[in-house]
Amino acid sequence: MEKEVFVVWEDRYSVGIPSIDAQHKELLVLTNKLYDACRNSEEKAREYFKEVIRSAVEYVQFHFTSEERIMERINFPELGPHKVQHTSFVKQVLEEVQNFEGGKSFVPNTFVRFLRDWILTHIAMSDIKYAEYIQVLKKQGTLQALIK
Ligand SMILES: [Fe+2]
């Protein structure tokens, strides 16, 4: 099967914080793995998907916690609404995973598209806000410890 990459990292997705960029890149790697899983025969796809999905969910949770710690450290005013976005995304993903594991209606292709679109939109619309806030604090010299 010809190797087709579903979603490719682009520099314009960077929020300017290397650790967060690295985590966002990993999220795209995981999305690509799930996409690859969908391209197999149905039985193989399910098997592979099952292997990847749990670690993907764990990684998403680890990543959100990292972001929330940063936002707490800088007293980011929009932490509350940002957390709500994280929580509802995890809830939605877990519901889909339950549908998948319970054999209910689940369309892997639709799911990976949802993942990709959510991640990229969230970076561009929401993560960029705390990243910009950090830049402002740095310029003001009010950021005590460096956030890498
Ligand atoms: Fe976020």
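This passage describes the helices of the protein, how they pack, and a few individual residues.

The model is a predicted one. The protein contains four helices and zero strands, so that, read from the N terminus, its elements follow the order α-α-α-α. The C-alpha trace extends over about 55 × 30 × 20 Å along its principal axes. Of the 148 residues, 18% count as buried. Contacts that link distant parts of the chain are well represented: among contacts between residues at least 6 apart in sequence, 70% join residues at least 24 apart.

Helix packing is a good place to begin. Two packed helices are described by the angle between their axes and by the distance between those axes. For helix 1 and helix 2, the axes come within 9 Å and cross at roughly 165 degrees. An angle over 145 degrees counts as roughly antiparallel, and helix 1 and helix 2 are therefore roughly antiparallel to each other. Their crossing is left-handed. On the helix 1 side, the contact is made by Ile20, Gln23, Glu26, Leu27, Leu30, Lys33, Leu34, Ala37 and Cys38. Helix 2 contributes Ala45, Tyr48, Phe49, Val52, Ile53, Ala56, Tyr59, Val60, His63, Ser66 and Glu67 to this contact. Sorted by class, the contact of helix 1 with helix 2 holds 14 nonpolar, three polar and three charged residues.

Helix 1 also packs against helix 4, which covers residues 108-140. Here the angle is about 165 degrees and the axes lie 9 Å apart. Helix 1 and helix 4 are therefore roughly antiparallel to each other, and helix 1 passes helix 4 in a left-handed crossing. From helix 1, the residues making the contact are His24, Leu27, Leu28, Thr31, Leu34, Tyr35, Ala37 and Cys38. They meet Pro108, Asn109, Val112, Leu115, Arg116, Ile119 and Ile123 of helix 4. The contact of helix 1 with helix 4 is made up of 11 nonpolar, three polar and one charged residue.

Helix 2 and helix 4 form another packed pair, with an angle of about 10 degrees and axes 13 Å apart. Angles under 35 degrees count as roughly parallel, and helix 2 and helix 4 are therefore roughly parallel to each other. The residues involved are Ala45, Phe49, Glu67, Ile70 and Met71 of helix 2, together with Pro108, Asp127 and Tyr130 of helix 4. By class, the contact of helix 2 with helix 4 has six nonpolar, no polar and two charged residues.

The helix contacts lead naturally to the interior. In soluble globular proteins, nonpolar side chains tend to be buried together. In this model, the largest nonpolar core has 17 residues. Those with the most contacts inside the core are Leu27, Leu34, Ala56, Val112, Leu115 and Ile119. Helix 1, helix 2 and helix 4 each supply at least two residues of this core, and its largest share, seven residues, comes from helix 1. Leu34 offers a helpful view of the arrangement: leaving aside residues up to four places away in sequence, Leu34 touches Phe49, Val52, Ile53, Ala56, Val112 and Leu115. Leu34 also takes part in the contact of helix 1 with helix 2 and in the contact of helix 1 with helix 4.

Some individual residues lie outside this interior. Val5 is found in the segment before helix 1, which covers residues 18-38. A residue is exposed if 12 or fewer other C-beta atoms lie within 10 Å of its own; Val5 has 10 such neighbours and is therefore exposed. Between the C-alpha atoms of Val5 and Gly102 there are 29 Å in space, while these residues are 97 apart in sequence.

Asn75 sits in the loop between helix 2 (42-73) and helix 3 (79-101). With 9 C-beta neighbours inside 10 Å, Asn75 counts as exposed. Its backbone is worth a look as well: Asn75 has a positive phi of about 50 degrees although it is not a glycine.

Asp117, by contrast, is part of helix 4. Asp117 is exposed because 11 other C-beta atoms lie within 10 Å. Further along the chain, 14 residues from Asp117, comes Ala131, and the C-alpha atoms of Asp117 and Ala131 are separated by 20 Å.

Definitions and conventions: Residues numbered from 1 in each chain as written. Predicted model: local features only at pLDDT ≥ 70, side-chain atom pairs only at ≥ 80, totals over all residues. Buried ≥ 20, exposed ≤ 12 C-beta atoms within 10 Å, placed from the backbone. Contact = placed C-beta atoms within 7 Å. Axes fitted to C-alpha atoms, helices over the stretch in contact; angles between N-to-C directions. Parallel < 35°, antiparallel > 145°, perpendicular 65-115°, else oblique. Left-handed = near helix turned anticlockwise from the far one by under 90°. Nonpolar A, V, L, I, M, F, W, Y, C, P; charged D, E, K, R; others polar. Core = buried A, V, L, I, M, F, W, Y, C linked by C-beta atoms within 7 Å.
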